[in-house]
Amino acid sequence: MSRGVRGIAALGALAALLTGCGIQIPNDPHGTLDRVAGGTLRVGATENPPWVELEDDEPEGSEPALIEAFAAAQDATVEWTTGSEADLLDALERGRLDVVVGGFLDDTPWVDKAATTFPYTATAGGRDKHVMLVRMGENGLLVALERFLFEEGS
């Protein structure tokens, strides 16, 4: 057995052992995914048609529809907050929001304040790769959202 294969096998065994001990990988230091499941997903939305459009402060468009479907898959409801990118990213960083949507691209300047999902769709001939923003460190939520976006896109 090669060294690389042994290393992968060892990591798999470690992950299985930790899972057996009740430790989830990836985890959320602030317990976001556990709180959201059966509860409330707090989402910020900034207007950027057609990704997010605001009708009487109610988010509509492709990203709010995806978020509503993701929340339903978690047996959660969505609590929407609308505002500017700066205000929403500040709330995300402080833990008042879980996710922010607004037609963000993978080269967003907000990477110092938020984690980005993988690009879940592309426009402009594949040049513009769209992402959603999640609170830094909440990797369980990030992975669950990415898995959902991948399955929706498949």
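Across the protein chain of this predicted model, the pLDDT averages 87, and 82% of the residues score at least 70. Confidence is low in two stretches of the chain. Over residues 1-5 the pLDDT stays under 50, and the model shows one contact for them beyond four places in sequence. Residues 7-12 likewise have a pLDDT below 50, with zero contacts beyond near neighbours in sequence.

The protein chain contains five helices and eight strands. Read from the N terminus, these elements follow the order α-α-β-β-β-α-β-α-β-β-β-β-α. Of the 154 residues in the protein chain, 36% are buried. Among contacts between residues at least 6 apart in sequence, 64% join residues that are at least 24 apart.

The largest nonpolar core comprises 25 residues, of which Leu41, Val43, Ile67, Val99, Val101 and Met132 touch the most other members. Two or more residues are given to this core by each of β1, α3 (62-73), β4 (77-82), β5 (99-105), β8 (128-134) and α5 (139-153). Helix α5 supplies the largest share, six residues. A separate core of eleven residues lies apart from this one and includes Ala91, Leu97, Val100 and Leu133. The surroundings of Val101 illustrate the packing in the largest core. When residues up to four places away in sequence are not counted, Val101 touches Val43, Gly44, Ala45, Thr46, Val52, Glu63, Ile67, Trp80 and Met132.

Helix α3 has twelve residues and spans 17 Å from its first C-alpha to its last, close to the 16 Å expected at 1.5 Å a residue. Its buried residues are Glu63, Pro64, Leu66, Ile67, Phe70 and Ala71. Viewed down the axis of α3, these buried residues fall within an arc of 160° and therefore line one face of the helix. The exposed residues Ala72 and Ala73 are carried on the face of α3 turned away from its buried side. The cover over the buried residues of α3 includes β1, β3 (58-60), β4, β5, β8 and α5. Just after α3, Asp75 adopts a positive phi of about 55°.

In helix α4 (residues 85-93), the buried residues are Leu88, Leu89, Ala91 and Leu92. Seen along the axis of α4, they too fall within an arc of 160°, so that they line one face of the helix. Elements covering the buried residues of α4 include β1, β4, β5 and β8. Among the buried residues of α4, Ala91 is also a member of the core of eleven residues. Gly95 follows α4 and has a positive phi, near 85°.

Gly95 also takes part in an interaction with strand β1 (residues 40-45), in which Arg42 lies. A polar atom of the Arg42 side chain is placed 2.8 Å from the backbone oxygen of Gly95. Leaving aside neighbours within four places in sequence, Arg42 is in contact with Arg35, Glu79, Gly95, Arg96, Leu97, Asp98 and Val99. Two of these partners belong to the nonpolar cores: Val99 is a member of the largest core, whereas Leu97 is part of the core of eleven residues.

Key: Residues numbered from 1 in each chain as written. Predicted model: local features only at pLDDT ≥ 70, side-chain atom pairs only at ≥ 80, totals over all residues. Heavy atoms only, no water. Helix = DSSP H or I, 4+ residues; strand = E, 2+ residues; numbered from the N terminus. Polar contact = N/O pair within 3.5 Å; in protein donor to acceptor, adjacent residues only side chain to side chain. Contact = heavy atoms within 4.5 Å. Core = buried A, V, L, I, M, F, W, Y, C linked by side-chain atoms within 4.5 Å. Buried < 20%, exposed > 50% of the residue type's maximum accessible area, 1.4 Å probe, protein only. Expected span 1.5 Å × (residues − 1). Arc of directions from axis to C-beta. pLDDT = per-residue confidence, 0-100.
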